[in-house]
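Me: I'd like a close look at one part of this model, please. Could you walk me through the main nonpolar core and the helix packing that goes with it?

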Amino acid sequence: MRSKTPFVNLLWILAAGLISFPALAQKIYDPGVTDAEIKIGQTIPYSGPAAGFAPIGRAMTAYFQKVNEEGGINGRKINLLSRDDSLSPPRAVDETRRMVENDGVWAIVGSFGSPTNAATQKYLHAKKIPSVLINSGAEQFSDFKRWPWSQGFQPNNRDKGAIYAKYILQKHPTAKVGVIYQNDDFGRDFLTGLRAGLGDNASRLIVKELSYEASDPSIDTQLVSMKGAGATVLVNIATIKFTAQAIRKMGEMEWKPVHMISDAAASIKSVLEPAGLDRSVGVITVAFRMDPNDPAFASEPGMIEYRNFMAKYLPGSNANDSLYSMGFVMAKLFEQAVKQCGDNLTRANLMKQMTNMRGVAVPMLLPGITVNTTPEHTVSIQQQKLFQFDGKQWVPISEVLSSR
C-alpha cells in the first residue's frame, strides 16, 4: 500500500523512474575535466635534431589560447601541456607518464613522431588514456582493433608509399629507383607501401635500399652510394634535417634524379630554403593542406582565417612555414571533437567522436578534402595530392587521391 506521506510518495515516484532531472544527469566527466577546464598533454621535439617540427606544438598552444579567450568550448578552457621530448622515446615516455600520473590529463593530443608515439602507446593503452591526432603515419596508429585508444592524424605512411609507387609506374616505368629511409616505423612503413604499390615491378625497379638512424650526423654516404648505383628516381623517406642535407649534397654532387621526399619534410621554410630553393626545384611530395606560400590560395577563407590567427596569436612567427598550419588544423579538429562530445566528456566518448567524423571541413585543408573517420578507418586525413616544387611554391601534379 502506497504511503500517504508526500516525501515518501516522491521517493516512490523517483524510484519508479516516472520523473527525471536530465539537467542533473547531463554532465559526465573523466579525470582531467571539470566545469571550467579540459586538461590535455602532448610531447613535441622542441630541441634536438627534429626541433624543426616545433611549430606544430607552438601553433596548437596558440590556437587553444585563442579558444580560451573566446570563452572556451562549452565554457571550458583548454589547458594544453606541451612538453619537449627531443624525439627521444625514453624522454617521451617520462614526460607522458608525468602528464598522466602527476598532472592528470584527460588525453594526449597531437604528439609528434613515430618512435616516440610507439614508445608511449602500450602505456597509454593499458591506462585507457586516449592518444588522438597522433602526428605520425605509422601503420600501428591506424590499427584501431588492436589499439582502440590510439587515433592517427595524417595519412598512413604505407598509403603514401603506394601513391609514390603509382606515380613512378605511370611517369617513370623504366626508372632505376633508390630508396633511403629512416630505420624506424616511419621509414619502414613507407618502404612497405612503396614495394606493395610497385608489386611485381619492385624487384625490377628498385636498385638499392639504404637506411639511416635518426642519431646519424648525415646521410651523405647513402647518397653517394645511390648515385653510384645509377638511381634515376630517389625516394627519400627522411625527416627535416636529413632531407635538407640531401638536397644540398645532391646539388654539390650535381646529381639530379627525380627526388621524392616525405611530406614530413616538405616545409619550404624549414627544409627547402636552408637547402637552397634553386637546388629544390623539381622535388615531389604529397600534401593535404593548402601551402601558405601559394598565392593561388591567398583569397581562400581558410587561408585568411589562418593568417589572421597567426598575426594575432603568433606575431613574428613565419606564417609561411606549413608546420604552423599543421598545428592549426590539428587544434581545429580537436576542438570539433570536443564540441561533438558535448557534456559527455569521458575518454571513451572522445575516442568515439574522433572516429565518427563525417564530412568535416577544416580551414587550410586542400579544396575537396574533408575529414571522414569511422571505427574501421580512424585516421583523420585520408586524402591527399601530389605536388612538385617550382622554385617558389608547391604546384599540384595530381587530382585528390584517396588513401583508402
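Reply: Happy to! The largest nonpolar core has 76 residues, and those with the most contacts inside it are Ile40, Phe64, Trp106, Phe153, Phe334, Leu350 and Trp394. Helix H14, residues 322–341, gives the largest share of this core, with twelve residues. Please keep in mind that this is a predicted model.

Take Leu350 as a way in: leaving aside its neighbours within four places in sequence, it is in contact with Trp106, Ala107, Pro130, Val132, Phe334, Ala337 and Cys341. Apart from the largest core lies another, of 24 residues, among them Val177, Phe186, Phe190 and Val235.

Now for the helices around H14. The axes of H3 (residues 54–69) and H14 come within 7 Å and cross at roughly 45°. That angle falls outside the ranges for parallel, antiparallel and perpendicular, so H3 and H14 are oblique to each other. Their crossing is right-handed. On the H3 side, the contact includes Pro55, Ile56, Met60, Tyr63 and Phe64, while H14 brings residues including Leu323, Met326, Phe328, Met330 and Phe334. By class, this contact has 14 nonpolar, one polar and three charged residues.

H13 (residues 301–313) offers another view of H14: the two axes come within 11 Å and cross at roughly 105°. H13 is therefore roughly perpendicular to H14. Glu305, Tyr306, Phe309 and Met310 of H13 make this contact with Tyr324, Ser325, Phe328 and Lys332 of H14. These residues divide into five nonpolar, one polar and two charged.

Notes. Residues numbered from 1 in each chain as written. Predicted model: local features only at pLDDT ≥ 70, side-chain atom pairs only at ≥ 80, totals over all residues. Heavy atoms only, no water. Core = buried A, V, L, I, M, F, W, Y, C linked by side-chain atoms within 4.5 Å. Buried < 20%, exposed > 50% of the residue type's maximum accessible area, 1.4 Å probe, protein only. Helix = DSSP H or I, 4+ residues; strand = E, 2+ residues; numbered from the N terminus. Contact = heavy atoms within 4.5 Å. Axes fitted to C-alpha atoms, helices over the stretch in contact; angles between N-to-C directions. Parallel < 35°, antiparallel > 145°, perpendicular 65-115°, else oblique. Left-handed = near helix turned anticlockwise from the far one by under 90°. Nonpolar A, V, L, I, M, F, W, Y, C, P; charged D, E, K, R; others polar.
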